[in-house]
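Here is a short note for a colleague who is opening this structure for the first time. The points below are meant to be read with the structure in view.

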Amino acid sequence: MASPRWNEFLLGVRRELPMQLGVVPFGMIYGVLAVQSGMSPLAAQLSSVIVFAGSAQLVIAQMLAAGGSPLVILLTAIILNVRHVLYSASLGPHVGRLPRRWRMALAYLLTDEAYAVAIGRYVETAQAPPQPDARHWHFLGAGLTLWLFWNASTLLGVTFGAQLSPAWGLDFAIPLTFLALLVPSLGDGPSRVAALFGAIASVVLVAMPLKLGLFCAMLIGIAAGATWEVFMGGAKPSANPEGTRA
Amino acid sequence: MNGTWLTLFAVGAATFAYRLSCIEFGSNLEAGVLGNPRARRLLRFVPPAAFAALVAPAIVVRDGTMLTNPLDPRLLAALVALVCALLTRSVLFTLASGMLALHAVRFLLGG
């Protein structure tokens, strides 16, 4: 059993496990909120299989409840998930030459948390790659672990979700979750400007049909952050000790 | 087959396409769009702009109009959650503090 592949796989699993402390509560919260916002339990669960991206899944649930059209929800999710292109770009040189079935499987499993573990392995062994190179098994172990925990925690949330009372105000947990995701992204001045303009624009444009206001507010926020950086010279890389993540 | 399923499959396909993009066409994309510093700068602003746009209206807009009551339970609870998010950077603690604050304020204000 002690083949290089199996060893890499297990190492990937082991390094992914501690991250589940954050993933499991988030998965349960998603499951509860998706059901509370009116998705069928089956759709809520399969969203974790089909979409497999937590914040986008929450947005879908929230916008469906608010009557957003599929096209606008798609546009919004496309902006929110664009960071995955960067993960793909970062891992592409390492896995781009694997057989097609591997490329497909690893692309499907490429989430924030799996990326962190997979790229960590490629970086730490960059000087002396293992022979034979089985590091894609490390990636697979990390990705499958996350998939399993994300779907299991979704199932828990979906199961409980239908039994919880609307009087508890659980719908308020959706903006709170996004607030928790927002704070670590406010590292420097231009990022804060992007957030400020995104927030103001989304309130001003809230009455736009089909939830288009959200999509437009995201674009406005991004443009404001970039403009601020260009004109105010926000490029001071070392000037932000408080901006580093805990 | 209704709008929900259509949306799920469309977003799922788009997300998969993102994740596969540079694994399949890595060198071309990286030399092109993603190698451009301007594109990278724009991408950096996606999380703050997107998450702020998701949070703000849910807290300060009620039934289509701006909130005028500064003692609104959701507004006060959001402030508590914001402080907790700044201190802990934890989704779980932010949620717990915000929900607790919501119910505490409702109870105190007789809501």
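**Notes on aromatic pairs, a helix crossing and confidence**

1. In this predicted model, a cluster is formed by Trp6(A), Phe9(A), Trp102(A) and Trp137(A), which are linked to one another through ring pairs. Over all chains, the structure holds eight aromatic pairs, and two of these deserve a closer look.

2. The pair to start with is that of Tyr30(A) and Trp150(A), whose ring centres are 6.1 Å apart and whose planes stand at 25°, so that the pair counts as stacked, the cut-off for this being under 30 degrees. Because Tyr30(A) belongs to helix H2 (residues 20–36) of chain A and Trp150(A) to helix H9 (residues 135–161) of chain A, the pair ties together parts that lie 120 residues apart in sequence. Tyr30(A) and Trp150(A) are both buried.

3. The other pair belongs to the cluster named above, and joins Trp102(A) with Trp137(A): here the ring centres are 5.1 Å apart and the planes are at 70°, so the pair is edge-to-face. This pair, too, links distant parts of the chain, since Trp102(A) sits in helix H7 (residues 100–108) of chain A and Trp137(A) in helix H9 of chain A, 35 residues apart.

4. Are the two partners of that edge-to-face pair buried or partly exposed? Trp102(A) has a relative accessible area of 12% and is therefore buried, given that the cut-off is under 20%, whereas Trp137(A), at 22% relative accessibility, counts as partly exposed.

5. Helix H2 of chain A also takes part in a helix crossing: the axes of H2(A) and helix H10 (residues 173–182) of chain A come within 10 Å and cross at roughly 150°. Since angles over 145 degrees count as roughly antiparallel, H2(A) is roughly antiparallel to H10(A). The crossing of these two helices, H2(A) and H10(A), is left-handed. At the contact, Phe26(A), Ile29(A) and Leu33(A) of H2(A) meet Ala173(A), Ile174(A), Thr177(A) and Leu181(A) of H10(A).

6. As to confidence, chain A has a mean pLDDT of 86, with 94% of its residues reaching 70 or more. Within chain A, confidence is highest in helix H3 (residues 41–50), with a mean of 96, and lowest in helix H6 (residues 83–95), with a mean of 80. A separate caution concerns residues 236–246 of chain A, over which pLDDT stays under 50, and for which the model has 11 contacts beyond four places in sequence.

How values were computed:
Residues numbered from 1 in each chain as written. Chains lettered and ligands numbered in written order. Predicted model: local features only at pLDDT ≥ 70, side-chain atom pairs only at ≥ 80, totals over all residues. Heavy atoms only, no water. pLDDT = per-residue confidence, 0-100. Helix = DSSP H or I, 4+ residues; strand = E, 2+ residues; numbered from the N terminus. Contact = heavy atoms within 4.5 Å. Phe/Tyr/Trp six-rings, centres within 6.5 Å; stacked < 30°, edge-to-face > 60°. Buried < 20%, exposed > 50% of the residue type's maximum accessible area, 1.4 Å probe, protein only. Axes fitted to C-alpha atoms, helices over the stretch in contact; angles between N-to-C directions. Parallel < 35°, antiparallel > 145°, perpendicular 65-115°, else oblique. Left-handed = near helix turned anticlockwise from the far one by under 90°.
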